Amino acid sequence: MTDRAALAALTAEIVACRRCPRLVKWREQVAREKVARFRDETYWGRPVPGFGDPDARILLVGLAPAAHGGNRTGRVFTGDASGDFLWAALHRAGLADRPSSRRADDGLTLSNVYIAAAVRCAPPANKPTPDERDNCAPYLARELALLDRVRVLVALGAYGWDAALRAMASNGAKPAATTKPRFGHGAEAEVGRYVLLGTYHPSQQNTFTGKLTSGMFDQVVSLAKEVALS
């Protein structure tokens, strides 16, 4: 069983983090200024921790919270179009108890899945700097170490792929291949005791253009479930 107390302590540490001045300034500015459609809401405006089943066998790794999604709601992939796409897919796979989530307090529960981001604060233009990436990297590595039942990591985009590889390396897991595994939709790599799967990120840019369809995403989620629970 995962050490829930240690995971909760790490979550609290992530939420209190102020290591990156540019990200702190941006996330708090967005929370103050808001956008018109959310002007009556109180924004989270802090780092967004991981979320899901502490005994998960699958870890999903995204890029960073959206300025008016996770940065507003306080939960990864909640309150934005990417989340709408993701939750529906997890629900179809029997890994989430509902197909949508717009608020962090709506009671959504996940089974065998935990979701985290490579960078925990919403970055300007959705582009963290290398220093910001490196400041956040230990959080994902520590989460992976605590989530000791995880067997499959699903990288949501190339950024998540690289972050997942670094997190596994920090925990002593090395790719079976001699060269660095390359990202691609449907990519698969053995990394120590883990299996790493890749999928295009469920961003509006990808889903609205058809670069990533529900069927394509479902195939990766189904494979992750099959491998993790076999």
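The expected span of a helix is 1.5 Å times one less than its number of residues. Try that on helix α2 in this predicted model. Helix α2 covers residues 21–33, which makes 13 residues. The rule therefore gives a span of 18 Å. The end C-alpha atoms of α2 are 18 Å apart, so the helix agrees with the rule.

Now look at which side of α2 faces inward. Its buried residues are Leu-23, Val-24, Arg-27, Val-30 and Ala-31. Seen down the helix axis, they fall within an arc of 140°, so they line one face. What do these buried residues pack against? Their partners are α3 (70–73) and α5 (130–146). The face turned away from the buried side carries exposed residues: Pro-21, Lys-25, Arg-32 and Glu-33. Just after the helix comes Lys-34, with a positive phi of about 55°.

Step back to the whole protein. How many helices and strands does it have? There are eight helices and six strands. From the N terminus on, their order is α-α-β-β-α-α-β-α-β-α-β-β-α-α. The C-alpha atoms fill a box of roughly 50 × 35 × 35 Å along the principal axes. A compact globule with 230 residues would have a radius of gyration near 17 Å. This protein has 16 Å, which agrees. Of the 230 residues, 51% count as buried. Take the contacts with a separation of 6 or more: residues 24 or more positions apart account for 69% of them.

Next, go inside. In soluble globular proteins, nonpolar side chains tend to be buried together. Here, the largest nonpolar core has 29 residues. Leu-90, Leu-110, Ile-115 and Val-154 have the most contacts inside it. Several elements give two or more residues to this core. The strands are β2 (58–62), β3 (113–117), β4 (152–156) and β6 (194–199). The helices are α4 (81–92) and α8 (214–229). Apart from this core lies another, of 26 residues. Val-61, Ala-141, Leu-153 and Ala-189 are among its members.

Pick out Leu-110 in the largest core. Which residues does Leu-110 touch, leaving aside those up to four places away in sequence? Leu-110 touches Phe-51, Gly-52, Asp-53, Trp-87, Leu-90, Leu-95, Ala-96 and Ile-115. Two of these names, Leu-90 and Ile-115, appeared above with Leu-110 among the residues with the most contacts in the core.

Compare another spot, Gly-69. Gly-69 sits in the loop between β2 and α3. Is Gly-69 buried or exposed? At 1% relative accessibility, Gly-69 counts as buried. Leaving aside residues up to four places away in sequence, Gly-69 touches Thr-78, Gly-79 and Asp-80. Gly-69 and Leu-110 are 41 residues apart along the chain, and their C-alpha atoms are separated by 19 Å.

Last, the cysteines. How many disulfides are there? The count comes to zero. A disulfide needs two cysteine sulfur atoms within 2.5 Å. The sulfur of Cys-20 has its closest cysteine sulfur in Cys-17, 6.2 Å away, so the gap is too far for a bond. For Cys-136, the closest cysteine sulfur is also in Cys-17, and at 6.2 Å it is too far as well. Cys-20 is buried, with a relative accessible area of 10%. Cys-136 is buried too, at 8%.

Terms used:
Residues numbered from 1 in each chain as written. Predicted model: local features only at pLDDT ≥ 70, side-chain atom pairs only at ≥ 80, totals over all residues. Heavy atoms only, no water. Core = buried A, V, L, I, M, F, W, Y, C linked by side-chain atoms within 4.5 Å. Buried < 20%, exposed > 50% of the residue type's maximum accessible area, 1.4 Å probe, protein only. Helix = DSSP H or I, 4+ residues; strand = E, 2+ residues; numbered from the N terminus. Contact = heavy atoms within 4.5 Å. Arc of directions from axis to C-beta. Rg over C-alpha atoms; globule rule 2.2 N^0.38 Å.
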